[in-house]
Structure formats: structure tokens, C-alpha cells
Amino acid sequence: MAQFRRVLVANRGEIAVRIIRACRQLGLETLAVFSSADRHSLHVQLADSALCIGPPAAKDSYLNIPALLTAARLGGADAVHPGYGFLAESPAFAEAVCRSGLTFIGPDAAVMARLGDKLSARQTMAGLGLPLIPGSDGAITSMEQAKHLAQKLGYPLIIKASAGGGGRGMKVVSGPTELEQALALTRAEAKASFGNDSLYLERYLTTPRHIEFQLLCDGKAALCLGSRDCSAQRRHQKLIEEAPAPGLDAAESARISALCEQACVELGYCGVATFEFLYQDGRFFFIEVNTRIQVEHTVTEMVTGIDLLAWQLKLARGEPLPPRSVLKPSGHAIECRINAEDPLRQLPGTGTVTGLRLPGGPGIRWDSHLYPGYEIPCQYDSLVGKLIAWGEDRPQALRRLQQALAELDIKGIHNNITLQRRLLVSPELAQQMPDIHFVERLLETQ
């Protein structure tokens, strides 16, 4: 059993604050790291100690493995929590942490590498019985191969980068005349973004929902904590998430949950895992496994009462899973992501928070690193907060979130609160969680 007392938080923003709070609940000390742009960030103020690891650019700070390991040594940390983004799914980082004699709060580097490559994950999950979207068995190595496969699968198709993520490295192809140029463009983007230009093809589903299953795993057993719906997206970036996913086929959901658990056991997976699927016409199709905590972990916590961040730490210490009997889901939870962005150009925004009015009431949760006077740097992700509402059922959760959004006010920076208010009162969202093109359709009509 790995014992540690001080955790280096290798991240920033709201997730760094969340990690620090989870550590404090377990009596663990925390060491924050920060770039010079984040010197006054909330996570720096809340941690037991903090060290600057470099200039504002992420490549020189939060992505700088030697700087992070040096900080861990100087700050007396014996474990590292990567959060999400940055190096959270880097097998090289996980391996470097363990080589340095520290505990990595996450799965084994070899498992992470196997699942981090989408093509490898696809092949692995096919062997474990999970349903896949029809597509290529391996990487596309020639134009002739791509044309033959496209003819076999039929259009529309989607080209995906094996190392892709965050909406990058994907391109939809509606017909054969587009295929060659689309392959070239996607390959170039994949090479520039991920250093890996390996591509594969899949049939493009036209009206799917984005469904995921949250799991806890201790290397010997796995426990599925239920589903989430993340279909409200813009440019492949999630905006609204909820748990449990409404309107699913119960028997098929149970079957997929069991397959996800079995896959984790077969892999010897230890930590939190999120299995992502597209869901259309009552059928699930595997997309990928996220080997880190998800932004939207909050809605699962609200309906299960299980602290996922605390369990990441417990599992890293070698503690066994909680018994299945503790899983007693209750009610419904919905989350809105609040981003600092220009609402017209839809570009990330910066500025100083000059005023902050937070909502309250039963079932309301606010996860954020904002405070009055905080200056938002321009170098990082635009997410500045997550507003979550729990209710006894979906309609109540939706009403509570609508009211909370009406109360929430952030002054001094551009933000997407107005957009989120529009989404939450749309008839399509009120009736059921729509498909992944819902937000784009709404914006086009308005």
C-alpha cells in the first residue's frame, strides 16, 4: 500500500482547488505549483505551500516535467495529482513521476498508453466485447486503402487522429470528392497538435448523443457509478452535462456498464476511468476511455454522494473499492460550464473580475477559482467555473439550475452565462437531452 502525506497538485484553476479540498478532507498536505501568470490564483492561496515553476506559457510551466519533478523534490511532496488537461493523460509524465519515487494519482503508465491512443483503445475494447462504430481496423497508410474502406463503409465518414482529443484531429467527409484533401488536412493537424499523424476512419453517425459511464477501479475490481449525458456541445467542447443520462434503454445500459467493469478488470486498471460512447437508435458505440478525472465528475458526485477526488487518492494508496451496496443513486444533477469568452466571436476572454454574485439554495454547487480582483490570464483554458444543480428529478434539477443561472453574475469579464441561460430554456433541452448538434442548430436559428 502506497503511503503519502503531501500531494503536489500539477494543475491550476478550479480543478486544482478541488484537489486541494479533497486532500484536506483526507488529512493530506498540498503543494501547489504555479506559473508566474498564476501567482495570485486561488489554488496558490489555499495550498499548504506553493512553488513557481516557470513563465506563463504552459510548455514552460504546467507541461514542463523536469520543473514539476524538481518542485516535488524541493517541496517535500511524495505524490502527484495531475487533475485534467495538461499532463493528466501523459504516460511519459506518469512514468517519470514513478521513476522519481513518487506516487502518481492515476492509472499505470502502460495502461494509460494503451488507452490514450484512440486506435489502440478501439482495438483493445473490440477484443473485450464493447460495441464499436464500423471503421478501420488499423491506421490508414495509403490513399488507396482509404478509398477502398470509404466505399465499404459508405458516406458520411469521419477521419480521426489516433492521438486526438479536445475536438481536434477530426474531420467529417460527406462524399468521395472530399476524401483526399480531408485526409491531408487532418494528418497535418494531427502532426502539429499531437506529434502523431496516425489516422483512422469511422462511419459518421448523424444524430448521436454523447453518453459516458464513470468507473472506480482498484486493479482487481471495478464499480460503475452510472451514466452521464454530455451531448450539449459546441465545436466538440462540452457545455452542459447531466447524470444520470435520461431516456436510455435500461437493459442495454446495464449491459454496457458490466462490459466497462469487465474491461477495467481485464486491464488491471486502478483509479477513475470514464468510458465514452455515442448513442443512437438505442445502441451504444464505444469512442474512448479517459484515464483522468473529468470536468463533469461533479454531477456523478451529486447523485451518488461519492467523492470521486477522494477516491482517486484512496485508490492510489492501495485501498480497495467501496462495496457495491454503497451505490444508492438519488435524484438528478445538471452542470453548466461557465467560460470566460467573448459571446459574439466565441473566443476566450481575459480581464479582471470586478464583481461576483453567487447563487444559493437547496441543491446548488459552485466549483470555481474566481474571486473579486482576480485577473484571468490569457494563456490557459477559458473554463472559470462550474454551476451544478441537484433535484429529486430532472425537471426540478433543471428549474433549480435555471434559477441559479439567473442569480449568477460575473462582472469585469466576458462570459457565456447568457448563452447557458438560452440553452436551459430551450424546448428541446427541456423535453430530453438532444443530440450533439443541438447547440449549433440553436445558434444558427437565433
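## Salt bridges

Let's start with the charged pairs: there are 28 salt bridges in this structure, which is a predicted model. One of them brings together the side chains of Asp-307 and Arg-18, with N and O 2.9 Å apart. That pair makes a link between distant parts of the chain, as the two residues sit 289 residues apart. Arg-18 belongs to helix H1 (residues 13-25), while Asp-307 is in the loop between helix H10 (297-304) and H11. The two ends also differ in how covered they are: Arg-18 is buried because its relative accessibility is 10%, under the 20% cut-off. Asp-307 has a relative accessible area of 26%, so it counts as partly exposed.

Another pair to look up is Glu-319 with Arg-317, where the closest N and O atoms are 2.8 Å apart. Here Arg-317 is the buried partner, with a relative accessible area of 15%. Glu-319, at 23%, is partly exposed.

## A buried pair and its network

Which residue forms a salt bridge with Glu-212? The partner is Arg-228, and their closest N and O atoms are 2.8 Å apart. Glu-212 is part of strand E9 and Arg-228 is part of strand E10 (residues 222-234), so this salt bridge ties together parts of the chain that are 16 residues apart in sequence. Are these two residues buried or exposed? Glu-212 has 0% relative accessibility, so it counts as buried. Arg-228 is buried too, again at 0%.

The pair also belongs to a wider set. Glu-212 and Arg-228 are linked with Lys-238, Glu-241, Glu-276, Glu-296 and Arg-337 in a network of salt bridges. If you're viewing the model, try picking out those side chains together.

## Strand E12 and its neighbours

Next, find strand E12, which covers residues 270-280. Most of this strand is covered, with ten of its eleven residues buried. On one hand, E12 pairs with strand E9 (residues 209-218): the two run antiparallel and ten bridges join them. Within that pairing, Leu-216 has Val-272 of E12 as its bridge partner. E9 is also the strand that holds Glu-212 from the salt bridge above.

E12 also pairs with strand E13 (residues 283-290), again antiparallel, this time through seven bridges. Phe-275 is matched there with Val-289 in E13. E12 and E13 form a hairpin with two residues between the strands, and in that hairpin Asp-281 takes a positive phi near 55 degrees. As a handy background point when looking at strands, side chains in a regular strand alternate between the two faces of the sheet.

## Gln-312 in helix H11

Where is Gln-312 found? This residue is in helix H11, which runs over residues 308-316. Gln-312 has a relative accessibility of 6%, and that is why it counts as buried.

What does Gln-312 touch, leaving aside residues up to four places away in sequence? Its contacts are His-81, Ile-105, Val-272 and Ile-293. One of these is already familiar: Val-272 is the bridge partner of Leu-216.

## Cis prolines

Two peptide bonds leading into prolines deserve a look. The bond from Tyr-155 to Pro-156 is cis, and its omega is near 0 degrees. Pro-156 has its place in the loop between helix H7 (143-153) and strand E6 (157-165).

The bond joining Ala-243 and Pro-244 is cis as well, with omega about -5 degrees. You'll find Pro-244 in the loop between strand E11 (237-243) and helix H9 (250-267).

## Positive phi in the loops

Now for some backbone angles. Phe-86 isn't a glycine, yet its phi is positive, near 50 degrees. Look for Phe-86 in the loop between strand E4 (79-81) and helix H4 (91-99). With a relative accessible area of 32%, Phe-86 is partly exposed.

Arg-235 is another residue other than glycine with a positive phi, near 55 degrees. The loop between E10 and E11 is where Arg-235 lies. Its relative accessible area is 46%, so Arg-235 counts as partly exposed, which here means falling between the 20% and 50% cut-offs.

Notes. Residues are numbered from 1 along each chain as its sequence is written. This is a predicted model: local features need pLDDT of at least 70, side-chain atom pairs count only at pLDDT 80 or more; totals for chains, interfaces and linings use all residues. Side-chain values use heavy atoms; hydrogens and water are left out. Helices (H or I, at least four residues) and strands (E, at least two) are DSSP runs, numbered from the N terminus. Buried means under 20% relative accessible area, exposed over 50%, partly exposed in between (1.4 Å probe, protein chains only). Contact means heavy atoms within 4.5 Å. Two strands pair if DSSP finds at least two bridges between them. A salt bridge is a side-chain nitrogen of Lys or Arg within 4 Å of a carboxyl oxygen of Asp or Glu.
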